[in-house]
Amino acid sequence: MSNGASPQRGGNDGRSRRGPGERGRKRGEKRPRRPRRARETGAALGARIVRHSSVHLVGLFGVQLISFASFIVVAHYLGPADFGRFGLLLFFAALITLLFKIATKRGTYMQVFGGDDEDDDEDDDEGAAAEERDRILGNGIVLSALLVGVVALVMWPLSGPVADLLLGDGADPMLAFWAGLAGAFEGVWTLTSNVVRLERRPVSFVFLSAVRPILILAGVVAFVIAGAGLEGAIVGVMLGTGASVGAALFAIRHSYERDFDPAVARSIIGRGYVRVPIIVSYWTVGHADKFLVSRFVSPTDLGIYQFAALVGMLL
């Protein structure tokens with residue numbers, strides 16, 4: 001006969017059966033996740049590479065089409081002569097951007113990610129510890145912002161001679177000033193927009209790559225249609241690039257801290273000069289032809305040459 005107390009299911013005097021890893025866990029708590037099996041790593045890595053490569057390929061091809069379309073629109077409204085002068089202003093802007101790549105971008109990426117996004121050196125460092133990366137990246141961004149102010153102060157008195165050198169005697173100094181600021185903003189943009197690429201966020205990278213030409217196209221077309229001419233075109237480039245910097249900062253808002261340490265800034269600048277000859281040589285091959293051709297042909301012929309080079313690059 002029973003003593004009046006029926007045994008509970010599971011036996012062991014009413015205690016439920018639990019595995020070794022479950023003892024001590026209260027009812028309602030979630031079971032801890034098991035670590036992923038090593039055999040899944042290779043397949044997952046391969047799938048991720050294919051997915052990221054596809055996003056990059058399709059997205060960047062679309063970005064190239066947008067950029068080419070923007071140049072067609074600008075060339076249509078400016079005409080061959082002003083389009084040639086516009087190319088010289090973009091050449092000077094790219095020169096300012098080059099200074100930013102040397103001074104801030106290279107050194108920042110070396111310390112944060114262990115390498116730049118434009119090379120695949122095997123001897124690069126492993127990068128800073130995770131807790132230091134946000135602070136170093138923040139220092140690089142603040143340093144770049146300070147350099148924008150330096151460019152503005154330097155270009156104000158030198159814009160006249162620079163404009164005469166690029167466009168000929170009597171050129172409007174403000175054209176060179178706006179071009180210098182456009183190049184400075186692009187220097188900040190190259191630093192901030194490529195962070196998502198090195199963080200392996202392909203969709204965000206393609207989005208940021210497309211935002212800049214779209215904003216530039218909108219700004220340039222708006223000013224040129226309004227009758228602002230060549231100055232309106234370069235101002236549109238400056239404003240569109242500045243707006244794209246804001247978009248990039250928003251996209252990486254969780255990746256950096258707003259901090260500035262002079263010691264970190266000095267280390268960033270020092271690390272950026274290691275590969276100056278290689279960086280300058282690549283830049284020269286990609287941009288110097290416009291300035292050299294302008295020394296021997298008219299602005300109209302330079303505009304035709306620049307448009308033909310863009311078509312050849314797309315094809």
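This is a short viewer tour of a predicted model, one selection at a time.

**Whole chain**

Start with everything shown as a cartoon. You'll find 9 helices and 0 strands, so the element order from the N terminus is simply α-α-α-α-α-α-α-α-α. Colour by burial next: of the 315 residues in the chain, 39% are buried. Switch on the surface and you're looking at about 18300 Å² of accessible area, 61% of it from carbon and sulfur atoms. For a feel of how the chain folds back on itself, take the contacts between residues at least 6 apart in sequence: 74% of them join residues at least 24 apart.

**The largest nonpolar core**

Now select F86 and I234. These two have the most contacts inside the largest nonpolar core, a set of 43 residues. Helices α1, α2, α3, α5, α6 and α8 each give two or more residues to this core, and α1 supplies the largest share, with 14. Stay on I234 and show its neighbours: leaving out residues up to four places away in sequence, I234 touches F86, L89, L90, L175, W178 and A179. There's also a second, separate core of 18 residues; to find it, pick L191, V196, L208 and I252, which are among its members.

**T108 on helix α1**

Select residues 39–112, which make up α1, and zoom to T108. Buried or exposed? T108 sits at 0% relative accessibility, so it counts as buried. Its side chain has a polar atom 2.7 Å from the backbone oxygen of T104. Beyond its sequence neighbours (up to four places away), T108 touches I136, L137, G140, L191 and I268.

**Helix α3, end to end**

Go to residues 173–193. Put a distance between the end C-alpha atoms of α3 and you should get 30 Å, which agrees with the span expected for 21 residues at 1.5 Å a residue. Of those 21 residues, 16 are buried, so α3 is largely enclosed by the rest of the structure. Just before the helix, show D172 as sticks: this residue caps the N-terminal end of α3, with a side-chain oxygen 3.1 Å from the backbone nitrogen of M174.

**Across to α5**

Keep α3 on screen and add α5, residues 202–225. The 24 residues of α5 reach 35 Å from first C-alpha to last, close to the expected 34 Å. Then select E186 and R212, whose side chains meet in a salt bridge at 3.2 Å, N to O. This pair links distant parts of the chain, with E186 in α3 and R212 in α5, 26 residues apart. E186 is partly exposed at 21%, while R212, at 15% relative accessibility, counts as buried. Just past the end of α5, check the backbone at G227, which takes a positive phi of about 95°.

**The salt-bridge network**

The structure holds 6 salt bridges. For the last stop, select E132, R135, D259 and D261, which are joined into one network by salt bridges with shared partners. E132 pairs with R135 at 2.8 Å between the closest N and O atoms; both lie in α2, 3 residues apart, about one turn of the helix. R135 also forms a salt bridge with D261, at 3.7 Å. What does that pair tie together? D261 lies in the loop between α6 and α7 and R135 in α2, so the pair ties together parts 126 residues apart in sequence. Turn on the surface once more: E132 is partly exposed at 30%, R135 is partly exposed at 24%, and D261 is partly exposed at 27%.

How values were computed:
Residues are numbered from 1 along each chain as its sequence is written. This is a predicted model: local features need pLDDT of at least 70, side-chain atom pairs count only at pLDDT 80 or more; totals for chains, interfaces and linings use all residues. Side-chain values use heavy atoms; hydrogens and water are left out. Helices (H or I, at least four residues) and strands (E, at least two) are DSSP runs, numbered from the N terminus. The expected span of a helix is 1.5 Å times one less than its number of residues. Buried means under 20% relative accessible area, exposed over 50%, partly exposed in between (1.4 Å probe, protein chains only). A polar contact is a pair of N or O atoms within 3.5 Å; within protein, one must be able to donate a hydrogen and the other to accept it, and residues adjacent in sequence count only if both atoms are side-chain atoms. Contact means heavy atoms within 4.5 Å. Accessible areas come from the Shrake-Rupley method with a 1.4 Å probe; for residues, only the protein chains shown count as cover. A nonpolar core is a set of buried Ala, Val, Leu, Ile, Met, Phe, Trp, Tyr and Cys residues joined through side-chain atoms within 4.5 Å. A salt bridge is a side-chain nitrogen of Lys or Arg within 4 Å of a carboxyl oxygen of Asp or Glu.
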